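This report describes selected packing features of one protein chain. The sequence and model are shown below.

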Amino acid sequence: MAQLEGKVAIITGAASGIGKEIAWRFATEGARVVIADLQSPSAEAAAAEINRAGGTATGVAMDVSDEAAVNAGIATTMERFGRLDILVSNAGIQIVKPIDELPFAEWKKMLAIHLDGAFLTTKACLRHMYQGAGGAIIYIGSVHSKEASLLKAPYVTAKHGLIGLCKVVAKEGAKHGVRANVVCPGYVRTPLVDKQIPEQAKALGISEEEVIHNVMLRETVDGEFTTTGDVAAAALFFAAAQTNALTGQSLIVSHGWFME
Ligand SMILES: NC(=O)c1ccc[n+]([C@@H]2O[C@H](COP(=O)([O-])OP(=O)(O)OC[C@H]3O[C@@H](n4cnc5c(N)ncnc54)[C@H](O)[C@@H]3O)[C@@H](O)[C@H]2O)c1
């Protein structure tokens with residue numbers, strides 16, 4: 001039987017990259033999925049692809065850092081499907097700059113999307129999960145939830161913070177049947193990474209090839225990028241877990257870049 005039969009999942013930032021792949025994977029496993037992203041047309045286009053392939057998906061416009069927009073998107077999900085079992089908090093951006101050149105506004109924007117977004121979507125979903133059959137919350141962290149890199153102060157700070165939030169959700173949610181876990185990917189070739197290759201090359205004064213091989217993939221065991229499929233498989237593993245044995249955990253999916 002499909003692993004997520006009967007479940008409803010909302011995935012933020014699912015019009016692109018990792019979130020889009022997770023939505024596909026969950027739909028393949030029988031979940032009805034809600035693609036939440038900034039712009040309605042791109043969210044609806046990603047949902048339409050799943051529907052054309054025989055799955056069930058709907059798109060909602062949602063800026064995860066806007067409380068009213070988050071609550072409206074969750075309300076739409078409940079109206080459309082009547083239940084909510086899985087949240088994947090995935091929406092994110094990257095800004096690469098050294099701390100001494102980082103405008104305060106950009107620091108706040110990063111924390112708003114990554115941390116406020118995780119909090120607001122968690123809070124809105126928990127209300128329904130507590131009243132329903134419990135649920136699973138999966139945060140898309142990063143190797144940068146465990147490790148630092150040059151030029152990424154707000155990203156590293158926010159991604160470390162997700163692990164703290166996850167652990168509290170795991171403790172508070174347990175008696176309601178809600179589990180929370182973090183997936184921590186290494187570098188994945190999505191628009192988010194493609195954009196930062198030239199930016200890092202410029203900031204570090206090296207070529208784009210050197211950024212890929214000497215910065216991004218240097219510590220991996222095989223010099224390979226992690227794939228969206230690798231990350232979706234880990235997200236499915238947590239989404240389909242049946243007991244509280246797996247809660248408050250973080251799983252690194254990085255071709256061995258970071259080992260613990
Ligand atoms: N690509 C990587 O190497 C990598 C590695 C580790 C972690 N991650 C994390 O994975 C997640 C997804 O990244 P990706 O690589 O797929 O990037 P991506 O740029 O392909 O997709 C991110 C999506 O998030 C959406 N988004 C941005 N701000 C939003 C907001 N305020 N509200 C709602 N949606 C918003 C974008 O529109 C986009 O569709 C991010 O949290 C990122 O930090 C990525």
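The model is predicted. In it, A174 sits in the loop that joins α5 (153-173) to β6 (178-185). With a relative accessible area of 29%, A174 is partly exposed, because partly exposed covers the range between under 20% (buried) and over 50% (exposed). Leaving aside residues up to four places away in sequence, A174 touches V169 and N244. A174 and T243 are 69 residues apart along the chain, and their C-alpha atoms are separated by 9.8 Å.

V169 is also among the contacts of I137. Not counting residues up to four places away in sequence, I137 further touches L87, T122, L126, M129, V178, R179, A180 and N181.

I137 belongs to the largest nonpolar core, which has 43 residues; I10, I74, Y139 and M216 join I137 as the residues that touch the most other members. Seven residues of this core come from helix α4 (residues 104-131), the most given to it. The core lies between domain 1 (8-186 + 226-253) and domain 2 (189-225), because both give residues to it. Another core lies apart from this one.

| Core | Residues in core | Some members |
|---|---|---|
| Largest nonpolar core | 43 residues | I10, I74, I137, Y139, M216 |
| Another core | 33 residues | I11, I18, A136, A234 |

M216 is also one of the buried residues of helix α7 (residues 208-216), together with V211 and I212. These buried residues fall within an arc of 95° seen down the axis of α7, so they line one face of the helix. Their cover includes α6 (191-204).

Definitions and conventions
Residues are numbered from 1 along each chain as its sequence is written. This is a predicted model: local features need pLDDT of at least 70, side-chain atom pairs count only at pLDDT 80 or more; totals for chains, interfaces and linings use all residues. Side-chain values use heavy atoms; hydrogens and water are left out. A nonpolar core is a set of buried Ala, Val, Leu, Ile, Met, Phe, Trp, Tyr and Cys residues joined through side-chain atoms within 4.5 Å. Buried means under 20% relative accessible area, exposed over 50%, partly exposed in between (1.4 Å probe, protein chains only). Helices (H or I, at least four residues) and strands (E, at least two) are DSSP runs, numbered from the N terminus. Domain bounds come from an automatic or database domain assignment. Contact means heavy atoms within 4.5 Å. The arc is that of the directions from the helix axis to the C-beta atoms.
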